[in-house]
Amino acid sequence: MQLPILASAPLVSQHAAAFEDLFENRKQFRHFQNYLTGLMVLPNKSMANISRCIVDSADKTNLSRFMSMELWSDQKVNDRRITYLNQQTKAVRKPKSDSVLIFDDTLCEHVGSLFEYVDRHYDHADDRYPLAHNPVTSHYVSGAVRFPVDLRLYRRYEELTQWEAFVFKHFPITVIPKNKKERQRLHKQVDETLLQDPDFLKLHNQFRTKIDLAIELLHSAIAHRLCFDVLLFDGWYLSEALVKEATRRRKKWISLLKKNRNLETNSFQLKASDGQPIVFEGAHVSVEDFVKKIPANAFKMVVVNNKIYWTFTLTVRIPSLGKVRLVISYENEKLTDTFVVLVTSCLDWSAKRIIETYLLRWPIETFYQDGKEHLGFDEYLMRNAEAIEKHWCLVFVAYSFLHLDCLPSPLAKRHLPTKSIGQACREQARALIELLIVKSHEMMQNCRDAKSVFDFIFSLSLIHISEPTRRTPISYAVFC
């Protein structure tokens, strides 16, 4: 049974006023509050279910029109959210030098191809290609303050340009292979011809790589006047273009380094355990081969957040990236586990500081987890891309309101949130259950019989019993 929504969640009521002027009328503003409340407290986050659970809604299609029609701007709402968070977190944030901006992307998987821009994207965790949307996001971390900043939807080149349709148009007897390498060979054969087609060329020019999107997100964060000095990203985003833009914007950066990247052998000197220089053949050596040559006694113990790492650091040159500092780390003294390589533009930083800073990247992973598990980041059923982006925008807003409730007091000098997003959601649900009980009691005192009270609060449209799913319990236990 779902929770009937008699009023906005307390956190929504507390913070929503800062957004009221962005909506044309009180009804739109009410839909804004209802949707945020539904995301926070309902186990089923679909728009249809949120509409069904709003007790005072005269028309259950109102919320659908609110999300699908151009009644409000998700970009303006997101801009206001970041401005508001900047104001509300000023006393808790750490200095600019200790604050970071993170780039990453996630998959919002779906069944069926009716969603606009849905496509098969590579999931490197499971080595498969699920049908999904692939949003790229930026995330701000400054001490206990950590929130999503902005989002760009990545669209694969073939989906955006309708590549297969244009291949059939210009090469009607061509069979398009499914194998990745064979498709790449076909691209080389046909793309030059396709680019002569004005319609294809127009779509081709709209394509943006994930690196392009990350650069846009960097510009957005700077435009929002977020104070940070360091960019964090994984090896998928480590590129010459992003590094150059970071340098131009006077931002430091730290990334994972893939083991097949090459180091310039004339840019460093490595010594064996007996002190003799190790000679490398050729102008370049791969990171993997380089690590094999490092003597075991060169690794030093570093303690970060009560965890021990065995590290080796060296300044080298990498083609296209220039002069950088490497930190190679193992988790055991025998150096038998898988090693991790961090690379950074911070040439004078110690291994401890580099590892400590890169570990600040973890909050973007917890945001994806909390966003999907507690706020329905991937549970939308809208088919229109604009409505989907509005959903993501409101998930960002709901997360931000909850995060403000998780922040420690400025006097506490604590650098972590005081509770989880899940705990904050449960507190909001309990508050609405208390309101429901009080409302029922008031109606009974006003001589309303039990059946009419039950019919008012639990109308047939609110009773939603189904087979249990991962995120749809059928009892009130989820709220308690």
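R183 and E158 meet through their side chains in a salt bridge, at 2.5 Å from N to O. This pair joins distant parts of the chain: R183 lies in helix α8 (residues 180–194) and E158 in helix α6 (residues 157–161), 25 residues apart. The model is predicted. Across the whole structure, a search finds 26 salt bridges.

**Buried salt bridges**
- Both partners of the helix α8 to helix α6 pair are placed under cover: R183 is buried, and E158 is buried too.
- R183 and E158 also belong to a network of salt bridges that links them with D119, R156 and E164.
- Another salt bridge is formed by R155 and E159, whose closest N and O atoms are 2.9 Å apart.
- R155 and E159 are both buried.

**A salt bridge within helix α12**
- The side chains of D289 and K292 meet in a salt bridge, with 4.0 Å from N to O.
- D289 and K292 are separated by about one helical turn, because they are 3 residues apart in helix α12 (residues 287–293).
- D289 has 39% relative accessibility, so this residue counts as partly exposed.
- K292 has a relative accessible area of 64%, and therefore counts as exposed.

**Nonpolar surface patch**
- Y122, Y129 and W236 make a nonpolar patch of about 350 Å² on the surface.
- W236, one of the patch residues, is found in the loop between β6 (230–233) and α11 (240–248).

Key
Residues numbered from 1 in each chain as written. Predicted model: local features only at pLDDT ≥ 70, side-chain atom pairs only at ≥ 80, totals over all residues. Heavy atoms only, no water. Patch = residues over 30% accessible without salt bridge, like charges linked within 9 Å, V, L, I, M, F, W, Y side chains within 5 Å. Areas by Shrake-Rupley, 256 points an atom, 1.4 Å probe, with all protein chains shown as cover. Helix = DSSP H or I, 4+ residues; strand = E, 2+ residues; numbered from the N terminus. Buried < 20%, exposed > 50% of the residue type's maximum accessible area, 1.4 Å probe, protein only.
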